[in-house]
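Q: Please take a close look at a single part of this chain and explain how that part is placed among its neighbours.

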Amino acid sequence: MKQIALGFLLSFLAFSVNAQSKIGTIDAEYILSQMPENIEVNKGLEAYNQELQADLETTIKEYETLVKDYQTNNESFTDTIRKQKEEKIIGLENSIKNYRQKASVMMQMKRNELTSPLYEKIDKAMKEVIAAEGFTQIFHAGSGNLAFSRVEDDITLKVMDKLGIEPKEPQPAPDNTVEN
């Protein structure tokens with residue numbers, strides 16, 4: 001019985017040693033930047049940013065008008081009116097600060113909304129390349145956290161080929177790759 005268990009264990013170890021991982025990398029951000037649809041995403045973000053800016057400018061103009069009125073007529077205001085005007089000015093200052101912070105988050109949310117379908121396309125093509133070439137793991141090369149990767153393990157251009165995207169600019173060789 002011990003010999004059967006030992007034989008099974010040795011067989012398992014031999015199989016484990018022979019089973020190899022195939023690890024690759026992808027730079028999805030580079031692929032996204034090369035996609036024709038990215039032009040529309042950028043136009044959409046620009047339009048959304050202009051909307052946010054217009055809203056902010058309206059509030060800023062109101063603030064500037066209140067400040068100018070306060071500075072011009074401060075002497076003629078009663079204490080109660082002066083206090084009310086100061087509170088309104090401070091409220092608008094805070095509103096402007098909050099809106100600027102919120103606008104940054106809103107822009108990121110809009111970017112995510114617009115790029116999500118593109119990332120889904122990239123993911124689908126990546127999965128096809130992974131299945132066709134037998135990769136067991138794929139790391140994102142664009143994050144800067146990758147310590148080392150061989151150039152031949154980078155599937156970025158293969159995924160772009162699946163998507164029918166011709167690189168418009170040469171892909172820079174990441175600092176963490178080495179050609180063999």
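In what kind of crossing, left-handed or right-handed, does helix 4 pass helix 5?

A: This is a predicted model, in which local features need pLDDT of at least 70, side-chain atom pairs count only at pLDDT 80 or more, and totals for chains, interfaces and linings use all residues. Residues are numbered from 1 along each chain as its sequence is written, and side-chain values use heavy atoms, with hydrogens and water left out.

Helix 4 passes helix 5 in a right-handed crossing (the near helix is turned clockwise from the far one by less than a right angle; anticlockwise would be left-handed). Helices here are DSSP runs of H or I with at least four residues, and strands are runs of E with at least two, numbered from the N terminus.

The axes of the two helices, lines fitted to C-alpha atoms over the stretch in contact, with angles from 0 to 180 degrees between N-to-C directions, come within 9 Å and cross at roughly 115 degrees. Helix 4 is therefore roughly perpendicular to helix 5, a term for angles of 65 to 115 degrees. Contact means heavy atoms within 4.5 Å; among the residues that make it are Ile122 and Val129 of helix 4 and Val159 and Leu163 of helix 5.

Ile122 and Val129 are also among the buried residues of helix 4 (under 20% relative accessible area, with a 1.4 Å probe and protein chains only). The buried residues of this helix pack against strand 1, helix 2, helix 3, strand 2 and helix 5.

Along its course, helix 4 bends by about 40 degrees at threonine 115, and proline 117 follows within four residues. The bend is the angle between axes fitted to the seven residues ending there and the seven starting there. After helix 4 comes glycine 134, with a positive phi near 75 degrees.

Key
Buried < 20%, exposed > 50% of the residue type's maximum accessible area, 1.4 Å probe, protein only. Parallel < 35°, antiparallel > 145°, perpendicular 65-115°, else oblique.
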